[in-house]
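Subject: Structure handover

Hello,

Here is the structure for you to look over. My notes on what turned up follow below it.

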Amino acid sequence: MLRISRLTAIATAMGASLIAFDAVAETYFEITDGELTRPTGFREWVFVGTPLTPNDMNNGKAPFPEFHAVYIDPESWDHWKETGEFRDGAIMIKELISVGSKQAASGNGYFMGEYIGLEATIKSSEHFPDEPGNWAYYSFSTPDHSSLKETAAPFPTAACNACHAAAAADDFVFTQYYPVLTAGKGAGDDAGGGTQSQLGNDG
């Protein structure tokens, strides 16, 4: 994972006095020759939710029958909670997790099984100036879901963008299914949770 320092400093030759700052946003991805290098460390980013559309509720033919554990990079989370917008350079990671057991001590349900894939979406006007919203989508999963590729090329525009454009609540992102993002949109310090007593919209 490529990370560009948020601050670069120029110090005087005689001491440690700071005389200039050049604020630079962190970059959490690396694209070379059009292919995205598989990001690392994303389980330490901000977790936003885990949607599930199981086969059992979709006539046995759900297009995405696995859990989707979704993370957003910390820089983009900070931007989202202050502005309510996704910054240029945002990356979101989706880990695919199989439905494991359907029984537990707490009762019947859907419980996570094994990791079976990895996907990413990136908003970048530099890399995707002609894509709707400047978003591109990637999958690192091998066809048999047994391993991950080191790099990935973006999906064709028609493969993902049309659905996101038609149904996503915020800038091609399905924030309506991620309460962390919904409650945190432009919420400042309240986006961190625990600052309010009412439920339903405070994260």
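**Asp73 and its surroundings**

The side chain of Asp73 comes within 3.1 Å of the backbone nitrogen of Ile91. Keep in mind that this is a predicted model.

Asp73 sits in a loop. That loop joins strand E6 (67–72) to helix H1 (74–83). Asp73 is buried, and its relative accessible area is 0%. Its side chain also makes a polar contact with the side chain of Ser76, at 2.6 Å. Beyond its neighbours within four places in sequence, Asp73 is in contact with Tyr28, Trp45, Arg87, Gly89, Ala90 and Ile91. Ile91 therefore appears twice for Asp73: in this contact list, and as the residue whose backbone nitrogen the side chain reaches.

**Pockets**

The largest pocket has a volume of about 900 Å³. It is lined by 32 residues. Closest to its centre are Phe64, His68, Lys94, Glu119 and His164.

Which elements each supply at least two residues of that lining? They are E6, strand E7 (91–99), strand E10 (112–123), strand E11 (135–139) and helix H2 (157–167). E6 is also the strand that comes before the loop of Asp73.

By class, the lining of the largest pocket has 21 nonpolar, eight polar and three charged residues.

The second largest pocket holds about 200 Å³ of space. Its lining has 14 residues. Thr27, Phe29, Ser124, Glu126 and His127 lie nearest its centre. Here the classes split into four nonpolar, five polar and five charged residues.

**Cysteines**

How many disulfides does the structure hold? Zero. A disulfide is a covalent bond between the sulfur atoms of two cysteines. To count as one here, the two sulfur atoms must lie within 2.5 Å. The sulfur of Cys160 has its closest cysteine sulfur in Cys163, 8.6 Å away, so the gap is too far for a bond. Seen from Cys163, the closest cysteine sulfur is that of Cys160, again at 8.6 Å and too far for a bond. Cys160 is buried, with a relative accessible area of 16%.

Best wishes

Conventions: Residues numbered from 1 in each chain as written. Predicted model: local features only at pLDDT ≥ 70, side-chain atom pairs only at ≥ 80, totals over all residues. Heavy atoms only, no water. Buried < 20%, exposed > 50% of the residue type's maximum accessible area, 1.4 Å probe, protein only. Helix = DSSP H or I, 4+ residues; strand = E, 2+ residues; numbered from the N terminus. Polar contact = N/O pair within 3.5 Å; in protein donor to acceptor, adjacent residues only side chain to side chain. Contact = heavy atoms within 4.5 Å. 1 Å grid on protein atoms, 1.4 Å probe; cavity = no way out; pocket = protein on both sides within 12 Å on 5 of 7 lines; lining within 4 Å. Points joined across faces, edges and corners; volume = space filled by probe spheres on them. Nonpolar A, V, L, I, M, F, W, Y, C, P; charged D, E, K, R; others polar.
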